[in-house]
Amino acid sequence: MDQEIDNSNKAPIHTEPQTPRKVAVNFHGKTGEYFAIWIVNLLLTIVTLGIYSAWATVRTHRYFYANTDIDGHRFSYLAQPLQILKGRIIGVLLLALYFLAVAFSPLAAAIVALVLFLATPIFICMSLRFRMKVSAYRNIRFNFTGQYGRAFLVFVLLPIMSIFTLYLALPWVLKKIDDFIYSNITYGDKKMQTELATGEYYLAAFGAFFIGVALLLVAIFGFGASMSAFADPESASQFTGSTIIFMVAYVLVILLSSSFYAARIRNHIFNTMRLSDVASFESNLSISTLVWLRVTNFLALVLSLGFALPWIKIRTARVYAQVTQVNILPGIAGVIGQYSQSSSAIGEEVANIFDMDVGLG
Amino acid sequence: MTLLTGAYFYPAGRSESLPVSIQLHADAQFSIIDNEQNLIATTTIKDVVVNDKLGSIPREIVLPDIGLLMIDANPAVNTWLTQSATQSKIAKLESNTTLILASSILVPAVLYLFFKFGIPSAAITFAEYVPQNMVEIASRHTLVALDKSVLDASELPVETQDKYQDHWAHISQQLNLESSDFNIQFRQSKTMGANAFALPNGTIVITDELVELLEHNTDLLTAILLHEIGHVTHKHSMRLIAETMATSLAIDYFFGDLGALIEAFAGLSNTIVQNQFSQKLEWEADNFALSKIPALGLEPDSFALAMEKLAATMPEESKLQHLIQSHPLMRERIENARKAL
């Protein structure tokens, strides 16, 4: 190889200011550009009977990662299409197996469903590990170190046990799940630290629950009254009209209460987690922002018959970037890659047979 | 000699970053130089891995064992990197206006044809190849499950049951069907009410409630039975399974991995598409029954009358409802049956 390294430059490179500073997360993706990528890749996927979708997925993720910058540095997405394809083929086979079991024998379906349910923690861990390993920032990969046993506890045992508390323990279980996910993320040799508060999960979950119940009662009494005033028992379209209004009201209630939970918890996670001496995070996603984003996304998708999907994905990424800040700490340049023996994150062969994301998406 | 500025160099294995410039030499050689004019590395474009161009994202250049170079994708940079052997043609396609416009028309058109014709015809093929013993097992397990949940033993007197069985054995002879292909059973079901359904192995279940509703009118019951026989002879169960599976997979494939509301949209489209399939099969079964009625010497309007009696037990339907139910509107089925007279 015709390469040489200038050894006179041995001193550590200090280009980073030593004081902590708060920086924005910027998203540079453009709707027009992404639409072109999306529609052409969709055509290629159809023409190849779905095979190309693995390559399309890699291109999509690369586009979104590389357009996200923190402090002037872009993220990298490093998955190989064949890894994605492998996970997808397994996902399709599992789903087909389940479908066939349902179709051919209720008993077989129950067995397959049980096995898949018990295997869920394994799939979740594999998927998280894969997604983290193929993400890099400043040429350092992320990783996920969660173990199956612990995953089985938080994703299967605790949720089942919470049923016996009449779901009163569910917010605590949700906290345990988030704790498991976030405290097992590593960036190079640094581990993410979380300080999630159980109280915040109770506030968010019960808040969401009471908002849902209150709005549903208002909807039932409000619409019920106005319906009976105008009701025309002869007209069948009246029936459909009120059914549709009720369905819309129901969707809106779910939307409001789930957004209340999602926004609060996202802010809480970001505001409390930190990579020691490397970075801490801030999130100020307001509930109204999230509700507006979701409502307009849904309407745009339906009214455009799916064609607005690229616009939706770009503006969603932009909104999430806008509400997020990162405090860069002095240790940012001192992170050591876990695979420091090999060249660089990109192009590095860290995949093994279990590195995949089983699923269809 | 060209100088490309504004690049970042990330040394391998560490999170350090360094603003650098890239100096291009002859023979595809280039050097990386930091802001103090220190040389970091010299190599050739053949010895590095250049990631595919994609939109306007910064270009990534991997120097094995040395580090990563990232530089904004300006025209000079893109021209330089075309020398790399690892470039694919995809980025060219993604910026080809003609192809983008063509894709915008072709994608919806092809997807429509795929759902409208591709999946149904694949389903017919699938139905032909399902082994008979699997069909047998599936049907038996389903009937056992139904018997344990929503079905009870029939309370029709044995003589009445035998009378119908004899009559229908005669009918199936007239239709040139093997009597062993069909197995008619009576059940009581408060949950299902007046109903009849067919399992793929030819088991046809008729509820006591249906017999009551049709007031033991043999012609009307036979008309309903013909509809169910239509389902069996056209292997509708297997076709529906194949169609449901293929549509769900396809929709998950194209719309999967999205937010919750968007998934709700995908789920809704899935339901609507599947209901279209299932309604098509109902029409086929209806028309099968209608085509056989004259030759069998039943009262010509038997099927229409039976449908009318069933419709009377159901709430009134609205026009939008055909999107959310698996059966066609009763009103239209009755119209169709009357038209056949």
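A:F164 is exposed in this predicted model, with a relative accessible area of 71%. This phenylalanine is found in the loop between α5 and α6 (170-183) of chain A. A:F164 also belongs to a nonpolar surface patch of about 960 Å². The other members of the patch are A:L114, A:F117, A:L118, A:F152, A:L157, A:I160, A:M161, A:I163 and A:Y167. Two elements of chain A, α4 (106-133) and α5 (148-163), each give two or more residues to the patch. The largest share, 5 residues, comes from α5(A).

Over in chain B, there is an open sheet of 4 strands. Reading across the sheet, the order is β8-β9-β11-β10, and the pairing is mixed. As a bit of background, strands of a sheet pair through backbone hydrogen bonds, and they can do so either parallel or antiparallel. In the chain B sheet, β8 (152-153) and β10 (196-198) stand at the edges. Each of these edge strands has a single partner, so one side of each is left without a neighbour in the sheet. For β10(B), 3 bridges join the strand to β11 (residues 203-207) of chain B, and the two run antiparallel. A look at individual residues shows B:A198 standing opposite B:I204 in β11(B).

Next come the charged side chains. In general, side chains of opposite charge can pair when their charged atoms come close. The structure holds 13 salt bridges over all chains. One of them is formed by B:D147 and B:R187, whose closest N and O atoms are 2.7 Å apart. B:D147 lies in helix α4 (residues 132-149) of chain B and B:R187 in strand β9 (residues 183-188) of chain B, so the pair ties together parts that are 40 residues apart in sequence. As for exposure, B:D147 is partly exposed, with a relative accessible area of 29%, whereas B:R187 counts as buried at 13%.

A salt bridge also links the side chains of B:R239 and B:E284, at 3.2 Å from N to O. Here B:R239 lies in helix α8 of chain B and B:E284 in helix α9 (residues 260-292) of chain B, so this pair ties together parts that are 45 residues apart in sequence. B:R239 is buried, with a relative accessible area of 6%, while B:E284 is partly exposed at 26%.

B:R338 and B:E308 make another salt bridge, their closest N and O atoms being 2.9 Å apart. This pair links distant parts of the chain: B:R338 sits in helix α11 (residues 330-339) and B:E308 in helix α10 (residues 302-312), 30 residues apart. Both residues are partly exposed, B:R338 with a relative accessible area of 33% and B:E308 with 29%. Elsewhere, salt bridges that share partners join A:R59, B:D52 and B:E94 into one network.

So which charged residue is buried yet has no salt bridge? That would be B:E243, which lies in helix α8 (residues 236-255) of chain B. The nearest side chain of opposite charge is that of B:R239, 4.7 Å away. A salt bridge needs the nitrogen and the carboxyl oxygen within 4 Å, so this pair does not count as one. B:R239 is, however, paired with B:E284 in a salt bridge. Leaving aside residues up to four places away in sequence, B:E243 touches B:I119, B:P120, B:A123, B:F277 and B:L281.

Methods: Residues are numbered from 1 along each chain as its sequence is written. Chains are lettered from A and ligands numbered from 1 in the order in which they are written. This is a predicted model: local features need pLDDT of at least 70, side-chain atom pairs count only at pLDDT 80 or more; totals for chains, interfaces and linings use all residues. Side-chain values use heavy atoms; hydrogens and water are left out. Buried means under 20% relative accessible area, exposed over 50%, partly exposed in between (1.4 Å probe, protein chains only). Lys and Arg count as positive and Asp and Glu as negative; His and the chain ends are not counted. Contact means heavy atoms within 4.5 Å. Patches are made of residues with over 30% relative accessible area and no salt bridge: like charges are joined within 9 Å, nonpolar side chains (Val, Leu, Ile, Met, Phe, Trp, Tyr) within 5 Å. Accessible areas come from the Shrake-Rupley method with a 1.4 Å probe; for residues, only the protein chains shown count as cover. Two strands pair if DSSP finds at least two bridges between them.
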